[in-house]
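Me: I am new to this structure and would like a close look at one part of it, the nonpolar core. Please take me through that part slowly, and set it in the context of the whole protein.

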Amino acid sequence: MQLDDRKIKILQAIIRNYLETGEPVGSRTISKYTDLNLSSATIRNEMADLEEMGYILQPHTSAGRIPSDKGYRLYVDAMMEEKDKELEELKEMMLEKEDKMDNLLKQVAKLLAVNTNYASMISAPAVHKNKLKFIQLSKVDVNQLLAVIVMEGNIIKNNILHVAEELGEETILKLNILLNTHLNGLAVEEINLAMITALKQQAGIHSAIISDVVDAIAEGIIAEEDLEIYTSGANNIFKYPELADQQKASEIINTFEEKQMLTELVQNTLEDESGTGIQVYIGSETPIQSMKDCSVVTATYELGEGMRGTIGIIGPKRMDYDKVIGTLKTITHQLDDLYKNKT
């Protein structure tokens, strides 16, 4: 007897419903869970075939069906294969996009420096108030689980979790359903103590795994705070006599080379809630001490899914503010289209 697509869909519906309710599943219930538009009688026939093939069981006469170990195995293997394929495609896509994004941002920084005759910087997009897309637990060996955490912006984090005893596939499946049902779509700030406590209660003896996953989520999001910053045109500083002093110019050039000090500038821009996305720092207003004799104009660009970055122009206090602000506004509006064309 062949396990065709219709039987697979009915089996999946039985397992999902049983995992949610813990009660045997009947044909009328299944008719509401599938898109096959089948009658209860037809579903009963298919369920009889599935029972004969060993994928489901009838715990007692006149009751609905529950999954067998064989049924769980088929369901878990299919789910893991689908998720593994999805993650592999996601990783390949993101590697390609990251490479293209690097080149694009370097081109934008160079273009700004050439067009304005000032120095420029641009940060790679980071996820602002990052949210979870899904979590996948899978067994590595007897005492280890792999937790794959996918966040907005398709950021993927892999964490190895240590467990005291071997977990069966059904237990791992239930933990996956529990975690994804309650945490998907939430930012880390929204995962509070009450929610974690409730999840631990539902996980029972496996509550420690819930703690480990939440810790992994927090660590993954914190890790994203490291910013990649691209710069160009630092030598343009020497064109302006008030900045050409050897010590002043050396400090500014060093800031561009080291880049760590530019991070605070980026963070200040990303946290701006004014809605304009444009900030102007004149002289001592800038958070970077080495640029106290400069003016710095920054803008925020967005690429969707919460992905945001900062563009900045650094020049003398007598810079052409009108031109600089106009250029930054144009670039922030065009960058999304440029990115789409590149990807």
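Reply: A contact here means heavy atoms within 4.5 Å. The model is a predicted one, and with that in mind Leu 132 is a good place to begin: leaving aside residues up to four places away in sequence, Leu 132 touches Ile 149, Val 150, Met 151, Leu 183, Asn 184, Gly 185, Leu 186, Ile 191 and Ile 217. Leu 132 belongs to the largest nonpolar core, a set of 26 residues, and is listed with Leu 137, Leu 183, Ile 209, Ile 210 and Val 213 as those having the most contacts inside that core. Two or more residues of this core come from each of the strands β5 (132-141) and β6 (144-151) and the helices α5 (169-183), α6 (193-203) and α7 (207-223), and among these α7 contributes the most, with six residues. A second core, separate from this one, has 24 residues, including Ile 278, Met 319, Leu 328 and Leu 335.

Turning to the whole protein, there are ten helices and eleven strands, and 44% of its 343 residues are buried. Of the contacts with a separation of 6 or more, 61% are between residues 24 or more positions apart. The accessible surface comes to about 17800 Å², and carbon and sulfur atoms account for 47% of that area.

Outside the core elements named above, helix α1 has several buried residues, including Ile 10, Leu 11, Ile 14 and Ile 15, and just after α1 Gly 22 adopts a positive phi of about 75 degrees.

Key. Residues are numbered from 1 along each chain as its sequence is written. This is a predicted model: local features need pLDDT of at least 70, side-chain atom pairs count only at pLDDT 80 or more; totals for chains, interfaces and linings use all residues. Side-chain values use heavy atoms; hydrogens and water are left out. A nonpolar core is a set of buried Ala, Val, Leu, Ile, Met, Phe, Trp, Tyr and Cys residues joined through side-chain atoms within 4.5 Å. Buried means under 20% relative accessible area, exposed over 50%, partly exposed in between (1.4 Å probe, protein chains only). Helices (H or I, at least four residues) and strands (E, at least two) are DSSP runs, numbered from the N terminus. Accessible areas come from the Shrake-Rupley method with a 1.4 Å probe; for residues, only the protein chains shown count as cover.
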